[in-house]
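Biologist: Please take a close look at one part of this predicted model. Start with the loops, then work towards the part where you would spend the most time, and state your cut-offs as you go.

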Amino acid sequence: MSGSPAVPDGVDASAPRSARVWNYRLGGKDDYPVDRVLGDRILATYPEFATDARAGRAFLVRAITHLAGQEKVRGFLDAGTGLPTHHNTHEIAQAIAPESRVVYVDNDPMVLDLDRPIGLSIIGTLGHIPDLEQALGLMRTYLDALPWGSFLVFGDLMSEETSTAEAVDQWYESATLPYRSHSLAEITSFFDGLDILSPGVGPVTEWRPGDVEIGSSPDTDMYGGVAREP
Ligand SMILES: C[S@@+](CC[C@H](N)C(=O)[O-])C[C@H]1O[C@@H](n2cnc3c(N)ncnc32)[C@H](O)[C@@H]1O
């Protein structure tokens, strides 16, 4: 398995995993041949896959920069973090405010003692919960656990076209976790009850575009926004 990391105890390298396929698309090294095969197969039927992961991460950089810089948020919870890669949440926040604290969660229960506003980021992750009501309920559980004035940075794959949605669903059915894309209305519904910051919910490439881009193009199905708990 040249070019791949050693397989740690308890890790199954025989079936693709979402975190590792995403890592592959982000140009990381923590993936195995089976993840690259699926990543390349997805790309063949869905070219936007080349930019979605990077667009999502560039969005994360801009959003966390805003929260740490302008909103003075010092605590961050990154749910569905994925594998460590470049531009991790702690690197972005601590470059602005070294005292920032970041908790990463990936398939782990959340247990926190919170008394100051938190920046919760969930990017490219809730599609892993195919049932919309269940995904919205999980979002509500997170938001209810956070103190007043906390922020949500949310993005996920958007598809209004059935054929694209089916393509997305198909690739992920062959991975170990299913995935579903959402309509724009569904993406927007994750922000229900929150004050959405300008410019609103849309392609993440249009969320306050700036200097930090990670090879992304304007064509992305990664949609999202940033909002504050009122
Ligand atoms: C498509 S990756 C996105 C990673 C990262 N947020 C990014 O944008 O680069 C989705 C991640 O969600 C994780 N995940 C899936 N279900 C989860 C759950 N129930 N709780 C926490 N993480 C989960 C997967 O393991 C994977 O690392």
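Modeller: Pro199 sits in the loop between strand 5 (195–196) and strand 6 (202–203). Helices here are DSSP runs of H or I with at least four residues, strands are runs of E with at least two, and both are numbered from the N terminus. The peptide bond from Ser198 to Pro199 is cis, with omega near 10°.

A word on the source. This is a predicted model, where local features need pLDDT of at least 70, side-chain atom pairs count only at pLDDT 80 or more, and totals for chains, interfaces and linings use all residues. Residues are numbered from 1 along each chain as its sequence is written, and side-chain values use heavy atoms, with hydrogens and water left out.

Two other loops hold unusual backbone angles. Arg208 lies between strand 6 and strand 7 (222–228). Its phi is near 45°, a positive value in a residue other than glycine. Arg208 is partly exposed because its relative accessible area is 32%. The scale is this: buried means under 20% relative accessible area, exposed means over 50%, and partly exposed is in between, with a 1.4 Å probe and protein chains only. Lys72 also has a positive phi, about 60°, and is not a glycine. Lys72 belongs to the loop between helix 3 and strand 1 (75–79). With a relative accessible area of 51%, Lys72 counts as exposed.

Now the overall frame. The protein chain has seven helices and seven strands. Along the sequence they run α-α-α-β-α-β-β-α-β-α-α-β-β-β. Of the 230 residues, 52% are buried. Take contacts between residues at least 6 apart in sequence, where contact means heavy atoms within 4.5 Å. Among these, 73% join residues at least 24 apart.

The part to look at closely is the packing of helix 3 (residues 49–69) against helix 4 (residues 89–96). Their axes come within 9 Å and cross at roughly 35°. Axes are lines fitted to C-alpha atoms, for helices over the stretch in contact, and angles run from 0 to 180 degrees between N-to-C directions. The crossing is right-handed. That term means the near helix is turned clockwise from the far one by less than a right angle; anticlockwise would be left-handed.

Which residues meet? Helix 3 brings Leu60, Val61, Ile64, Thr65, Ala68 and Gly69, and helix 4 brings Thr89, Ile92, Ala93 and Ile96. They divide into seven nonpolar, three polar and no charged. In this scheme Ala, Val, Leu, Ile, Met, Phe, Trp, Tyr, Cys and Pro are nonpolar, Asp, Glu, Lys and Arg are charged, and the others, Gly among them, are polar.

Two helix 4 residues add detail. Ile96 lies in helix 4. Leaving aside neighbours within four places in sequence, Ile96 contacts Thr65, Ala68 and Gly69. Ile96 and His66 are 30 residues apart in sequence, with C-alpha atoms 9.9 Å apart. At 37% relative accessibility, Ile96 is partly exposed. Glu91 is also in helix 4. Its C-alpha atom is 9.4 Å from that of Val61, 30 residues away along the chain. Not counting residues up to four places away in sequence, Glu91 touches Thr85 and His86. Glu91 is partly exposed, at 39% relative accessible area.

Thr85 leads on to Asn23, since Asn23 touches Thr85 too, along with Gly28, Lys29, Asp30, Asp31, Leu83 and Pro84, not counting residues up to four places away. Asn23 lies in helix 1. It is buried, at 2% relative accessibility. Asn23 and Gly39 are 16 residues apart along the chain, and their C-alpha atoms are separated by 9.7 Å.

Asn23 also helps to line a cavity. A cavity is a set of points, on a 1 Å grid over the protein atoms alone, where a 1.4 Å probe fits but cannot get out; lining residues have an atom within 4 Å of a point. The structure holds one cavity of 30 Å³ or more. The largest has a volume of about 40 Å³. Grid points are joined across faces, edges and corners, and the volume is the space filled by probe spheres set on the points. The lining is Ala19, Trp22, Asn23, Leu26, Arg57, Thr81, Gly82 and Leu83. Helix 1 (residues 18–25) gives the most, with three residues. By class, the lining has four nonpolar, three polar and one charged residues.

Conventions. On a 1 Å grid over the protein atoms alone, a cavity is a set of points where a 1.4 Å probe fits but cannot get out, and a pocket is an open set with protein on both sides within 12 Å along at least five of seven lines; lining residues have an atom within 4 Å of a point.
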